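Here is a small set of exercises to work through at your own pace. Have your viewer ready, and try each task before reading its solution.

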Amino acid sequence: MSALAKPDLFGGIASLLYPPSCTICAAAVDLGEYLCGDCESKVSRIVPPFCAKCSEPFDGAITTTFACANCAQRNLYFEAAVSAYRARGIVRHVILNFKYGRQIHLRHLVARWLVAALDDERIRERRFDAIVCVPLHSARQRERGFNQAELLAEWLSGHLSVPFRPVLQRIHYTTTQTAFDRAERMQNLRGAFRLRKKADVRKWRVLLIDDVLTTGSTLSECARILKQAGAQSVYAATAARA
Ligand SMILES: [Zn+2]
Ligand SMILES: [Zn+2]
């Protein structure tokens with residue numbers, strides 16, 4: 001049985017007992033909705049122009065394709081990383097509650113943001129052979145009880161009818177990344193991931209999933225491992241980006 005079956009069933013029963021309410025302000029909402037119209041209007045949607053590689057928005061008028069300063073300076077191994085929302089305010093709050101607050105039901109809302117990211121001209125028409133998620137170290141996964149990226153990847157696999165293949169493994173329990181600058185983050189991640197034994201990703205066109213893109217270093221390192229093992233292309237999608 002999937003780890004998700006219980007909360008779903010329980011959520012179904014709970015919704016009969018309690019009228020649905022906004023996850024942020026508790027205002028009444030329609031069944032199946034997580035945010036009221038007011039809170040929904042406050043989420044920060046990413047609109048063009050943005051970096052062709054990492055989707056970093058640019059304040060200003062650019063009509064040509066461009067790479068942001070961060071991408072121009074370094075080698076990112078994914079083809080492009082798409083996000084439709086900024087990980088700020090309500091979006092950040094919901095993702096943190098989903099990830100650390102054990103509010104697993106919020107994956108439905110986070111997954112919607114992820115689906116919105118896929119409606120992007122860089123990947124809309126693409127075919128993928130596999131969906132892969134950024135793995136958590138097994139010790140951290142035990143501690144948290146689940147890997148949020150894996151829940152999203154599994155959900156998306158059903159939604160897109162593309163197989164979910166958890167071929168990556170995190171072998172180093174890296175210290176928190178926030179204290180590092182970009183170059184140090186990249187260095188800190190070297191050797192953090194590997195391909196699972198017997199995984200064969202040759203010629204795969206991969207859709208790589210994580211909840212949030214912060215600097216792109218983690219997604220890039222995962223893409224590097226996949227491509228080194230023969231993957232043809234790696235596009236990354238996250239529910240939100242910093
Ligand atoms: Zn609300
Ligand atoms: Zn960029």
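The exercises below go from the metal site out to the whole chain. Please keep in mind that this is a predicted model.

**Exercise 1.** Find which atoms coordinate the zinc ion (ligand 1).

*Solution.* Start at the metal and look for its donors: they are the SG atoms of C22, C25, C36 and C39, at 2.3 Å. Next, place them along the chain, where they follow the spacing C-x2-C-x10-C-x2-C. One pair, C25 and C39, links distant parts of the chain, 14 residues apart. C25 lies in the loop between α1 (5-17) and α2 (37-40), while C39 belongs to helix α2.

**Exercise 2.** Assign the geometry of the zinc site.

*Solution.* Take the angles among the 4 donor atoms, which run from 104 to 118 degrees. Four donors count as tetrahedral if all angles lie between 85 and 135 degrees. The site is therefore tetrahedral. For reference, the ideal angle for four tetrahedral donors is 109.5 degrees.

**Exercise 3.** Decide whether C25 and C39 are buried, partly exposed or exposed.

*Solution.* The cut-offs are under 20% relative accessible area for buried and over 50% for exposed. C25 has 41%, so C25 is partly exposed. C39 has 3%, so C39 is buried.

**Exercise 4.** Describe the chain as a whole.

*Solution.* Begin with secondary structure: there are 9 helices and 6 strands. Then turn to burial, where 45% of the 242 residues count as buried. The accessible surface comes to about 12,800 Å², with 51% belonging to carbon and sulfur atoms. Finally, among contacts between residues at least 6 apart in sequence, 73% join residues at least 24 apart.

Technical notes:
Residues are numbered from 1 along each chain as its sequence is written. Chains are lettered from A and ligands numbered from 1 in the order in which they are written. This is a predicted model: local features need pLDDT of at least 70, side-chain atom pairs count only at pLDDT 80 or more; totals for chains, interfaces and linings use all residues. Side-chain values use heavy atoms; hydrogens and water are left out. Donors are N, O and S atoms within 2.8 Å of the metal (3.2 Å for Na, K and Ca); water is not among the atoms, so sites may look incomplete. Four donors count as tetrahedral if all angles lie between 85 and 135 degrees; four count as square planar and six as octahedral if opposite donors are over 155 degrees apart and all others between 65 and 115; anything else is irregular. Helices (H or I, at least four residues) and strands (E, at least two) are DSSP runs, numbered from the N terminus. Buried means under 20% relative accessible area, exposed over 50%, partly exposed in between (1.4 Å probe, protein chains only). Contact means heavy atoms within 4.5 Å. Accessible areas come from the Shrake-Rupley method with a 1.4 Å probe; for residues, only the protein chains shown count as cover.
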